[in-house]
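Please read through the structure below from its overall fold to its metal site, its nonpolar cores and its charged pairs.

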Amino acid sequence: MSCLFCRIVAEEIPADLVYSDEQVIAFRDINPQAPTHILLIPREHIPTVNDITDEQSPLVGHMVVVAKKIAKKLGFDDQGYRLVFNCNEHGGQEVYHLHLHLLGGRPMQWPPG
Ligand code: 5GP
Ligand code: ZN
């Protein structure tokens, strides 16, 4: 298995887990871009947003609901945060296993770079 995030799901590579259920896991980004930077990933391998099927819509919705619950648990839901899916080259995607970035703990800039 060559996918880095599949290996984290399989517990072959350690990660600082903050959430886990039968569909998704969430762990701290190794190179945080904000005071709190968490990655939410499906256990199932989906390479990019472009590969999400209609049938996987509930899974992706679940990722967003889990993200807002983590933001609430960590105490920055009221102040706010950013959720990001990077897709392919122009989106700045580096790991080709679907992931949702949850960034919080500081004001974010807009437009993004
Ligand atoms: P992308 O650029 O694909 O949207 O984001 C990939 C993210 O994965 C980056 O923010 C990067 O820091 C993070 N990352 C890459 N390798 C690892 C790793 O081995 N462990 C963790 N926790 N994060 C990683
Ligand atoms: Zn994978």
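Along the sequence, the elements of the protein chain succeed one another in the pattern α-β-β-β-α-β-α-β. That amounts to three helices and five strands, where helices (H or I, at least four residues) and strands (E, at least two) are DSSP runs numbered from the N terminus. The model is a predicted one, in which local features need pLDDT of at least 70 and side-chain atom pairs count only at pLDDT 80 or more, while totals for chains, interfaces and linings use all residues. Residues are numbered from 1 along each chain as its sequence is written, chains are lettered from A and ligands numbered from 1 in the order in which they are written, and side-chain values use heavy atoms, with hydrogens and water left out.

The C-alpha trace of the protein chain spans about 40 × 30 × 30 Å along its principal axes. The radius of gyration of the protein chain is 14 Å, close to the 13 Å that the globule rule gives for 113 residues, so the chain is as compact as a globular protein of that length. Here the radius is taken over C-alpha atoms, and the globule rule is 2.2 Å times the number of residues to the power 0.38. Of the contacts in the protein chain with a separation of 6 or more, 54% are between residues 24 or more positions apart; contact means heavy atoms within 4.5 Å. Buried residues make up 35% of the 113 residues, buried being under 20% relative accessible area, exposed over 50% and partly exposed in between (1.4 Å probe, protein chains only).

Which protein atoms hold the zinc ion (ligand 2)? Its protein donors are C3 (SG), C6 (SG), H45 (ND1) and H97 (ND1), at 2.0 to 2.3 Å from the ion. Donors are N, O and S atoms within 2.8 Å of the metal (3.2 Å for Na, K and Ca), and since water is not among the atoms, sites may look incomplete. The angles among the four donor atoms run from 106 to 117°, and the site is tetrahedral, a label that for four donors requires all angles to lie between 85 and 135 degrees. For comparison, the ideal angle for four tetrahedral donors is 109.5 degrees. The sequence spacing of the donor residues is C-x2-C-x38-H-x51-H. Both cysteines are buried: C3 has a relative accessibility of 14% and C6 a relative accessible area of 13%.

Next come the nonpolar cores. A nonpolar core is a set of buried Ala, Val, Leu, Ile, Met, Phe, Trp, Tyr and Cys residues joined through side-chain atoms within 4.5 Å. The largest has 16 residues, of which I38, L40, I70 and L102 touch the most other members. At least two residues each come from β2, β3 (36–42), α2 (57–74) and β5 (100–104), and α2 gives the most, with seven residues. Beyond its neighbours within four places in sequence, I38 is in contact with residues including V18, A26, I70, L74, L100 and L102. A second, separate core has nine residues, among them F5, I8, I25 and F27.

The whole structure holds two salt bridges, a salt bridge being a side-chain nitrogen of Lys or Arg within 4 Å of a carboxyl oxygen of Asp or Glu. One joins R7 and E12, whose closest N and O atoms are 3.1 Å apart. R7 is partly exposed at 32% relative accessible area, as is E12 at 46%. The other pairs R28 with D16 at 3.7 Å, N to O. This pair links distant parts of the chain, 12 residues apart: R28 lies in strand β2 (residues 24–28) and D16 in the loop between α1 (4–9) and β1 (17–20).

How values were computed: Tetrahedral: all angles 85-135°; square planar, octahedral: opposite > 155°, others 65-115°.
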